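Work through the exercises below with the model open. Each task is followed by a stepwise solution.

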Amino acid sequence: MTNADLPHTPECFSLWREVQDTRTRTRLGGFYYLLAWLLCWLFSAAPMAHLTLGLAGGALFTLLLAARLLHRPPEPDSEAELQRWLDRHWGIILLSSFCWGMTHAWVLLADGFEPARLIATLATVGFGTAMAFNFAMRRRRAVLAILLLYVPGLAALALSEGGSRAELVTLVFYLSYLLLALNRSHREYANMIALELQLLEQRQRMDTLSRTDGLTLLGNRYQFNNLFPAMCASAQRHGSELSLLLMDIDFFKRINDEHGHSTGDACLRAFGERMREFFRRDSDALLRLGGEEFGVLMPDTGMEQARQLAEQFREDLANRGFLLGDQHLPITASLGLGCFAEGDQGSAETFFKRVDDALYRAKAKGRDRLELAQG
Ligand SMILES: Nc1nc2c(ncn2[C@@H]2O[C@H](COP(=O)(O)OP(=O)(O)OP(=O)(O)O)[C@@H](O)[C@H]2O)c(=O)[nH]1
């Protein structure tokens, strides 16, 4: 899974991570329950005398194993689906724990299973330990699972006449240790997820920053270089329209020279703001391509619609200029506009060159004008 495929909200990311961890860690557990039962049965006094029971137990734990393996995680971007998957999967885990806990108790009490008692007890200790260290993502559920594993066996030891008190006390001691260890594992897991989240957020912030022009907060050249070929390819594939508008502020050097560099910066910021007022569709990409050159990529926008927008923008700029503090700054821009066409033969470069030529003509013909790309 690439960085781009990761869930984008922190909630989805945490749940998705928990789903991944739960799934990887439960797979093995299913096999061990089955194995533990088979060992108890095969090492009982007379396995063949309990053939039906042995096979029934085997079928039960095979079913639980299959349920774990076949329960596939959902898409990573639906919080509700992820939560539902976790709830169902924990249902399987708790049911397995309950089944094993009862099996342990039964092995401790049943005639003919005396040789398998140690195996069953060791398996319970093992499953409880695995639960405390590997399933600490959900503390309460893990506590419940450990209790389901342990309590039936403890009850059997306490209630049976021949039950070993020493074994009972040792198991209770170990149970208390497991509950403490579970608490610590839970904190460590929560810290690890928090750290991963921080890392993910930082990566996303860096990614956004690398695509954003720091002065105007429009997309930057890097963003344009990524978007433009992709949008051209998409327009060609779907037979949709794509317009590109290039704009260059006229005599910007004079603004810097006459009013200072910081006024020049404020002017560039105001230009970005004015662009946002006019090109408002969510799908429009507003960009600062460098210096005092700007661009707008307008998907699903034909030449006439884009021309009207560009002309309105140019006129408004020429009429209103910018008000920076109490200073009015008259300003104009030259514009080149084109629509991705068959003549471009699918080449983003050819398309860009046509529009750039149009911008160059607008400058050459005296500025403060819109020129349409030819061809
Ligand atoms: N304040 C400021 N000025 C910048 C920035 N980037 C580029 N410039 C200035 O923009 C000016 C661009 O000048 P020219 O390329 O000669 O263009 P122009 O003066 O707008 O003239 P025409 O485009 O021919 O109308 C230069 O003086 C650059 O220093 C910036 O981020 N901030």
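**Exercise 1: the ligand shell**

By class, the shell around the ligand holds four nonpolar, four polar and eight charged residues. The model is predicted.

Task: state how many residues surround the ligand, and which are the closest.

Solution.
- Step 1. Count the shell: 16 residues surround the ligand.
- Step 2. Name the closest: Phe252, Lys253, Asn256, Asp265 and Arg288.
- Step 3. Map the shell to elements. β1 (242-249), α8 (252-259) and α9 (261-278) each give at least two residues.
- Step 4. Find the largest share. It is four residues, and they come from α9.

**Exercise 2: polar contacts of the ligand**

Task: find which ligand atoms pair with Asn256, Arg288 and Ile249. Use a cut-off of 3.5 Å between N or O atoms.

Solution.
- Step 1. Take Asn256. A polar atom of its side chain lies 2.8 Å from a nitrogen atom of the ligand.
- Step 2. Take Arg288. An N or O atom of its side chain is 2.8 Å from an oxygen atom of the ligand.
- Step 3. Take Ile249. Here a polar backbone atom is 3.0 Å from an oxygen atom of the ligand.
- Step 4. Add the area. Alone, the ligand exposes 670 Å², and the protein buries 67% of that.

**Exercise 3: the whole protein**

Task: describe the fold and its surface in numbers.

Solution.
- Step 1. List the elements: eleven helices and seven strands.
- Step 2. Check burial. Of the 375 residues, 46% are buried.
- Step 3. Check contact range. Among contacts between residues at least 6 apart in sequence, 71% join residues at least 24 apart.
- Step 4. Read the surface. The protein exposes about 19300 Å², and carbon and sulfur atoms supply 58% of it.

Technical notes:
Residues are numbered from 1 along each chain as its sequence is written. This is a predicted model: local features need pLDDT of at least 70, side-chain atom pairs count only at pLDDT 80 or more; totals for chains, interfaces and linings use all residues. Side-chain values use heavy atoms; hydrogens and water are left out. A residue is near a molecule or strand if one of its heavy atoms lies within 4 Å of it. A polar contact is a pair of N or O atoms within 3.5 Å; within protein, one must be able to donate a hydrogen and the other to accept it, and residues adjacent in sequence count only if both atoms are side-chain atoms. Accessible areas come from the Shrake-Rupley method with a 1.4 Å probe; for residues, only the protein chains shown count as cover. Ala, Val, Leu, Ile, Met, Phe, Trp, Tyr, Cys and Pro count as nonpolar, Asp, Glu, Lys and Arg as charged, and the others, Gly among them, as polar. Buried means under 20% relative accessible area, exposed over 50%, partly exposed in between (1.4 Å probe, protein chains only). Contact means heavy atoms within 4.5 Å.
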